[in-house]
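User: Hello! I would love a close look at one part of this protein, the charged contacts between its side chains. Could you take me through them and then place them in the wider picture?

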Amino acid sequence: MSVADLFPTLHKLSRADKLKVMQFLVQELATEEETLSLQAGVTYHVWSPYNSHEAANKLAALLEEDRQVNDA
């Protein structure tokens, strides 16, 4: 069943049943998030722009280009 098929059925539900559906969906999403969450004691590598001169130069160029376009 597609989402488009569900909308008319959901629309017909009572307020209490709509809240139950919402609660169910939130619980489903929370369960999925648990499997995606960070684990204690595990090292995760995160990229940082610190000392990234190439990124700084690119940003400066984009800002300058935007300034020239908006000042024209």
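Analyst: Happy to help; what follows starts with the salt bridges and then moves out to the rest of the chain. Please keep in mind that this is a predicted model.

Let's begin with the count, which comes to two salt bridges. Arg-67 pairs with Glu-64 in one of them, with 2.5 Å from N to O. Arg-67 also forms a salt bridge with Asp-71, and here the closest N and O atoms are 3.1 Å apart. Both distances fit the cut-off, because a salt bridge asks for a side-chain nitrogen of Lys or Arg within 4 Å of a carboxyl oxygen of Asp or Glu. Glu-64, Arg-67 and Asp-71 are thus linked in a network of salt bridges.

How does the helix set up these pairs? Arg-67 and Glu-64 are three residues apart in helix 3, so about one helical turn separates them. Arg-67 and Asp-71 also both lie in helix 3, four residues apart, which is again about one turn of the helix.

Next, how open are these side chains to their surroundings? Arg-67 has a relative accessible area of 43% and is partly exposed. Glu-64, at 32%, is partly exposed as well. Asp-71 counts as exposed, because its relative accessibility is 56% and the exposed class covers values over 50%.

Now for the charges across the whole protein. There are 6 positive and 11 negative side chains, and the centres of the two sets lie 13 Å apart.

The network's helix is one of three helices in the protein, which has zero strands. Along the sequence this reads as α-α-α. The loop between helix 2 (15-36) and helix 3 (53-71) holds Tyr-44, which is partly exposed at 39% relative accessibility. Tyr-44 also belongs to a nonpolar surface patch with Leu-38, Val-42 and Val-46, and together these four have about 440 Å² of accessible area.

Finally, the overall form. The radius of gyration is 24 Å, whereas a compact globule of 72 residues would have one near 11 Å. Taken along the principal axes, the C-alpha atoms fill a box of roughly 55 × 50 × 20 Å. Buried residues make up 1% of the 72 residues. The accessible surface comes to about 7,100 Å², and carbon and sulfur atoms account for 61% of that.

To bring it back to your request: the part to look at is the network of Glu-64, Arg-67 and Asp-71, with Arg-67 taking part in the bridge to Glu-64 and in the bridge to Asp-71.

Terms used
Residues are numbered from 1 along each chain as its sequence is written. This is a predicted model: local features need pLDDT of at least 70, side-chain atom pairs count only at pLDDT 80 or more; totals for chains, interfaces and linings use all residues. Side-chain values use heavy atoms; hydrogens and water are left out. Patches are made of residues with over 30% relative accessible area and no salt bridge: like charges are joined within 9 Å, nonpolar side chains (Val, Leu, Ile, Met, Phe, Trp, Tyr) within 5 Å. Accessible areas come from the Shrake-Rupley method with a 1.4 Å probe; for residues, only the protein chains shown count as cover. Helices (H or I, at least four residues) and strands (E, at least two) are DSSP runs, numbered from the N terminus. Buried means under 20% relative accessible area, exposed over 50%, partly exposed in between (1.4 Å probe, protein chains only). The radius of gyration is taken over C-alpha atoms; the globule rule is 2.2 Å times the number of residues to the power 0.38. Lys and Arg count as positive and Asp and Glu as negative; His and the chain ends are not counted. The place of a charge is taken as NZ of Lys, CZ of Arg, CG of Asp or CD of Glu.
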